[in-house]
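Here is a walk through a two-chain model, meant to be read with the viewer open. Turn things around as you go and check each stop for yourself.

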Amino acid sequence: MLAKRIIPCLDVRNGKVVKGVNFEGIRDVGDPVEYAEEYNRQGADEIVFYDITASAEGRGLMLDVVRETAKRVFVPLCVGGGIGSINDFRETLRAGADKVSVNSQALTNPDLISEAAKIFGSQCVVVGIDAKRDGNGGYTVYRNGGRINMNLELGEWVKEIEERGAGEICLNSMDADGTREGFDIEMLDYVCSKVNIPVIASGGAGKLEHFSNALIQTDCSAVLAASLFHFKELTIEQVKSDCRKNGILVR
Amino acid sequence: MITIIDYGAGNLFSVHNALEYLGYENKISCEPEDIIGADRLILPGVGAFGDAMDKLKKAGLVDIIKQEAIKKPFLGICLGMQMLFEKSYEFGEYEGLGLIPGEVKLMEPEGNLVIPQMGWNSLEYNHRCAILKDIDNGTYVYFVHSYAAKCPDEFVSAYSNYGGKVTALVNKGTVYGAQFHPEKSGEIGLQMLKNFAEL
């Protein structure tokens with residue numbers, strides 16, 4: 001049986017790991033390659049690098065990080081942030097990424113999803129989503145790190161993403177992100193009911209039981225967290241052993 | 001010397017990185033002399049079957065591979081494993097290398113399971129082969145695939161379970177094939193590559 005995945009995310013700026021809270025108040029910390037190695041030792045099922053630079057120079061540094069990590073860490077690597085073209089996909093995959101994640105650019109140019117899936121295969125196309133409650137019982141999709149409201153209904157967007165051939169969705173709830181009160185079960189459930197591709201839960205993890213809660217209460221395939229692992233409040237091993245205790249299949 | 005066969009497809013560099021990390025001399029090449037001169041061969045692959053076989057044919061490598069694969073340890077990974085079989089039905093009907101009897105078909109998992117199978121799944125031993133030396137039954141490895149091989153049970157070293165039995169590791173003589181990615185399966189995967197390099 002396929003195991004549920006526990007995924008640490010590393011926010012990277014100019015080749016250094018940083019951790020932002022609610023996309024604000026960024027602090028610089030350390031060498032992403034070392035973090036990736038440590039997460040690998042702890043049993044991470046996949047490692048995500050999220051480039052928050054959005055400059056040409058930063059991009060180059062990010063690719064160096066990926067190249068170096070791929071020489072030392074032998075689990076799937078996913079890279080996101082600032083991906084806007086087929087060429088970005090190609091360069092990132094060539095540097096050693098196994099998956100590439102797109103967010104804002106998929107909203108402004110949805111053809112990017114279909115083209116990338118056709119050229120590189122669905123398995124390496126991940127679409128990241130930032131979404132929020134709209135106040136009327138629904139959810140709306142945002143772009144540019146949650147700054148621009150797309151006035152797009154979440155359910156419609158995830159269906160389009162699936163139809164266009166994406167292999168996976170990484171759902172970040174802006175309502176839950178940074179609260180440390182747990183993953184957004186309602187929003188996750190909503191998205192999982194709309195699509196038949198794997199959904200990764202992101203945003204809101206603050207305690208051990210939050211991970212198993214999301215995996216038990218929804219059909220999500222994976223749970224992702226950044227700061228909890230980053231600040232060593234929890235290790236991936238701890239999360240996995242709690243999942244096992246709750247009857248969740250993990251590696 | 002391990003030659004990683006380059007036919008213009010696939011994730012050659014992850015396999016190369018893993019062998020480098022383990023300290024085994026290796027070379028990415030499409031030259032016949034590097035294939036004939038190697039102690040061991042690895043055929044990686046990501047993409048579509050027909051397209052990959054076409055590329056092998058155009059590079060003039062089909063006969064050389066068939067001839068060398070039965071002389072020395074040969075490992076096909078993912079699509080490279082599927083190409084070991086006689087035939088595939090991925091987007092049409094294509095002839096494979098025919099090194100192991102069997103066919104490659106779209107997976108039809110029972111239940112509400114997603115295709116591709118993507119993620120970590122456990123191996124269930126069948127006829128245990130040398131690649132599994134020092135590796136426990138039930139260990140997890142990383143899979144990404146939509147098609148899977150149907151072949152006689154005698155050649156299956158391990159299955160995985162994804163809405164039914166999925167051929168995960170095969171062996172016939174010097175020829176080995178892994179549907180999963182040992183180069184992306186952490187320590188366990190590295191151990192398998194080591195086992196292969198020391199056959």
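What follows goes from the confidence of the model to the sheets of chain B, then to single residues, chain A and the contact.

First things first: this is a predicted model. For the complex, the predictor gives an ipTM of 0.90 and a pTM of 0.92. Chain B has a mean pLDDT of 94, with 98% of its residues at 70 or more. In chain A the mean pLDDT is 92, and 95% of the residues reach 70 or more. One stretch of chain A to treat with care is residues 21-26, where the pLDDT is below 50; beyond near neighbours in sequence, this stretch still has nine contacts in the model.

Now pull up chain B and find its eight-stranded sheet. This open sheet runs in the order β2-β1-β3-β4-β14-β13-β12-β9, with mixed pairing. At the edges you'll find β2 (26-29) and β9 (124-125) of chain B; each has a single partner strand, so one side of each is left without a neighbour in the sheet.

Let's walk in from the β9 end. β9(B) pairs with β12(B) in the antiparallel sense over two bridges, and here B:Glu124 sits opposite B:Tyr159. Is β12(B) mostly covered or mostly uncovered? Strand β12 (residues 156-161) of chain B is mostly covered, as five of its six residues are buried.

On to the next strand in the order: β12(B) and β13(B) run antiparallel and are joined by five bridges. One facing pair to look for is B:Val156 and B:Val170. These two strands, β12(B) and β13(B), make a hairpin with three residues between them. In that turn, B:Gly163 has a positive phi of about 60 degrees.

One more step takes you from β13 (residues 165-172) of chain B to β14 (residues 175-178) of chain B, an antiparallel pair with four bridges. Here B:Leu169 stands opposite B:Ala178. As you look along these strands, keep in mind that in a regular strand the side chains alternate between the two faces of the sheet.

Chain B also has an open sheet of four strands, ordered β6-β5-β7-β11, and its pairing is mixed too. Its edge strands are β6 (94-95) and β11 (147-150) of chain B, each pairing on one side only. Strand β5 (residues 87-88) of chain B runs antiparallel to β6(B), and two bridges join them. B:Ser88 has B:Tyr94 as its bridge partner there.

Past β11, the loop between β11 and β12 of chain B holds B:Pro152. Is this proline buried or exposed? B:Pro152 has 11 other C-beta atoms within 10 Å, so it is exposed. Leaving out residues up to four places away in sequence, B:Pro152 touches B:Pro101 and B:Gly102. For a sense of distance, the C-alpha atoms of B:Pro152 and B:Leu113 are 25 Å apart, with their positions 39 residues apart along the chain.

Now try B:Ile64, which lies in helix α4 (residues 62-69) of chain B. B:Ile64 counts as partly exposed because it has 18 C-beta neighbours inside 10 Å, and being buried would take 20 or more. Beyond its neighbours within four places in sequence, B:Ile64 is in contact with B:Pro32, B:Ile35 and B:Ile36. Its C-alpha atom is separated by 35 Å from that of B:Asn137.

Over in chain A, look for helix α8 (residues 208-217), whose buried residues are A:His210, A:Phe211, A:Ser212, A:Ala214 and A:Leu215. Among the elements covering them are β1 (5-13), α7 (185-194), β11 (199-202), β12 (222-225) and α10 (236-245) of chain A. A:Val223 touches three of these helix residues, A:Phe211, A:Ala214 and A:Leu215, and its other contacts include A:Ile6, A:Phe183 and A:Ala201. A:Val223 also turns up in the largest nonpolar core, which has 150 residues: together with A:Phe49, A:Ile169 and A:Leu171, it touches the most other members. In soluble globular proteins, nonpolar side chains tend to be buried together.

Last stop, the place where the chains meet. The contact takes 23 residues from chain A and 25 residues from chain B. What classes of residue does chain A bring to its side? The side of chain A that touches chain B has nine nonpolar, eight polar and six charged residues.

Conventions. Residues numbered from 1 in each chain as written. Chains lettered and ligands numbered in written order. Predicted model: local features only at pLDDT ≥ 70, side-chain atom pairs only at ≥ 80, totals over all residues. Pairing = 2+ DSSP bridges. pLDDT = per-residue confidence, 0-100. Buried ≥ 20, exposed ≤ 12 C-beta atoms within 10 Å, placed from the backbone. Contact = placed C-beta atoms within 7 Å. Nonpolar A, V, L, I, M, F, W, Y, C, P; charged D, E, K, R; others polar. Core = buried A, V, L, I, M, F, W, Y, C linked by C-beta atoms within 7 Å.
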